[in-house]
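Trainee: I should like to learn how the terms used for a protein model are justified. May we look at one together?

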Amino acid sequence: TMLLALGPKAWPKLSQFKPLLRISGGETLHRNSRHWAGQGQRQGPGLRTRLLITALFGAGLGWAWLAARAEKEQWRQQQRTEALRQAAVGQGDFSLLDHKGQPRCKADFRGQWVLMYFGFTHCPDICPDELEKLVQVVRKLEAEPDLPLVQPVFITVDPERDDVAAMARYVQEFHPRLLGLTGSTEQVAHASRNYRVYYSAGPKDEDQDYIVDHSIAIYLLNPDGLFTDYYGRSRSAEQIVESIRRHIAAFHSVLP
Amino acid sequence: TGGMAAPTMEERKACWGARDEFWQCLDSHGDDAAECKKLRRAFESRCPQQWVKHFDKRRDFLKYKKKLETEGYHAPETAGKS
């Protein structure tokens, strides 16, 4: 259409391309001429051809632009995959002990979907509720034979009290596959930092008891170990199941 | 790692049950009712002290939230209104 705006001066140059263009579908031309026969002054074949050339030229430009865009998109995609690969390995790592006393790090979970919750065993209500919801999600997914098993993980933000034995007592009451993770103060701090989990132990009372204030979220990691989604208190087990199903369906590994 | 072990699931549920009974009593008889004193003692005996404090705060918060929902927010009155 830009070429039309250039006016008739542009046409002599463009008309040299005319013989190079094979206009396929002669029926189209006939149809067009029938359509235009109704209009007042006969425009003649010249205008039709000009319009066609313009359209084809525009299409050519458009195609070139799309091709360039696709190539840029592909390059961006490769960059993104590379960044994800690095994040999968480096991001969100931890070095902790499970409730059987075995050392665990994030790489141990490669190949598995992981549902992770940070809390503490002396928690009055929120942690048991959220863990109950988490294992409900795991059980619902277990019931579907086509889906891979999701690994539930509970990480303490109270390493002072939640040693391996305490973790074992706690997790066993929720689900046989619920894995408890604990460690030294530094190891727990390191893991929490990696997942942006805030926690702060409150004042101790006469019984040396205290409550740990902490951010509440269930984290989903994909089989590459990448953080994929998180679920707050307001999400129901059903909603979380739906979300995980979608993530599983959409998953493409970036690791070799 | 000093101090008591964390409550088991059974102990947690017993504590929550005692709390719920106490709160139900308060809901029907008003918050300072004498009728609820016995349930208060049962609640305190079944739950760790920290949890009692925590649940007391929670009840205050829930009541305040309900008040906001039903009555709306009232800014604190200032002396000498025109």
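Mentor: Let us begin with burial: a residue is buried under 20% relative accessible area, exposed over 50% and partly exposed in between, with a 1.4 Å probe and protein chains only. By that rule, buried residues make up 39% of the 256 residues in chain A, and 27% of the 82 residues in chain B. This is a predicted model, in which local features need pLDDT of at least 70 and side-chain atom pairs count only at pLDDT 80 or more, while totals for chains, interfaces and linings use all residues. Residues are numbered from 1 along each chain as its sequence is written, chains are lettered from A and ligands numbered from 1 in the order in which they are written, and side-chain values use heavy atoms, with hydrogens and water left out.

Trainee: What makes a stretch of chain B count as a helix, and how many helices are there?

Mentor: Helices (H or I, at least four residues) and strands (E, at least two) are DSSP runs, numbered from the N terminus. Chain B has three helices and zero strands, so its elements read α-α-α from the N terminus on. The secondary structure of chain A comes to eight helices and nine strands.

Trainee: Why is A:Glu130 called buried?

Mentor: Its relative accessibility is 3%, and the limit is the one given above; therefore A:Glu130 counts as buried. A:Glu130 lies in helix H5 (residues 126–142) of chain A. Contact means heavy atoms within 4.5 Å. Leaving aside residues up to four places away in sequence, A:Glu130 touches A:Tyr117, A:Ile216, A:Ile218, A:Gly232 and A:Arg233.

Trainee: Which residues of helix H6 of chain A are buried, and what covers them?

Mentor: In H6 (residues 164–171) of chain A, the buried residues are A:Ala166, A:Met167, A:Ala168, A:Tyr170 and A:Val171. Their cover includes H5, strand E4 (150–156) and strand E5 (179–182) of chain A, together with H1 of chain B.

Trainee: Why are H1 and H3 of chain B called oblique?

Mentor: The axes of H1 (residues 9–29) and H3 (residues 49–71) of chain B come within 12 Å and cross at roughly 40 degrees. Axes are lines fitted to C-alpha atoms, for helices over the stretch in contact, and angles run from 0 to 180 degrees between N-to-C directions. Angles under 35 degrees count as roughly parallel, over 145 as roughly antiparallel, 65 to 115 as roughly perpendicular and the rest as oblique. The value falls in none of the named ranges, and H1(B) and H3(B) are therefore oblique to each other.

Trainee: What is noteworthy about phi at A:Arg196 and A:Gln208?

Mentor: Most residues other than glycine have a negative phi. A:Arg196, which is not a glycine, has a positive phi of about 55 degrees; A:Gln208, also not a glycine, has a positive phi of about 65 degrees. A:Arg196 sits in the loop between helix H7 (185–194) and strand E6 (199–201) of chain A, and A:Gln208 in the loop between E6 and strand E7 (212–214) of chain A.

Trainee: How do you know whether these two residues are exposed or partly exposed?

Mentor: The relative accessible area of A:Arg196 is 70%, so A:Arg196 is exposed. For A:Gln208 the value is 43%, and A:Gln208 is therefore partly exposed.
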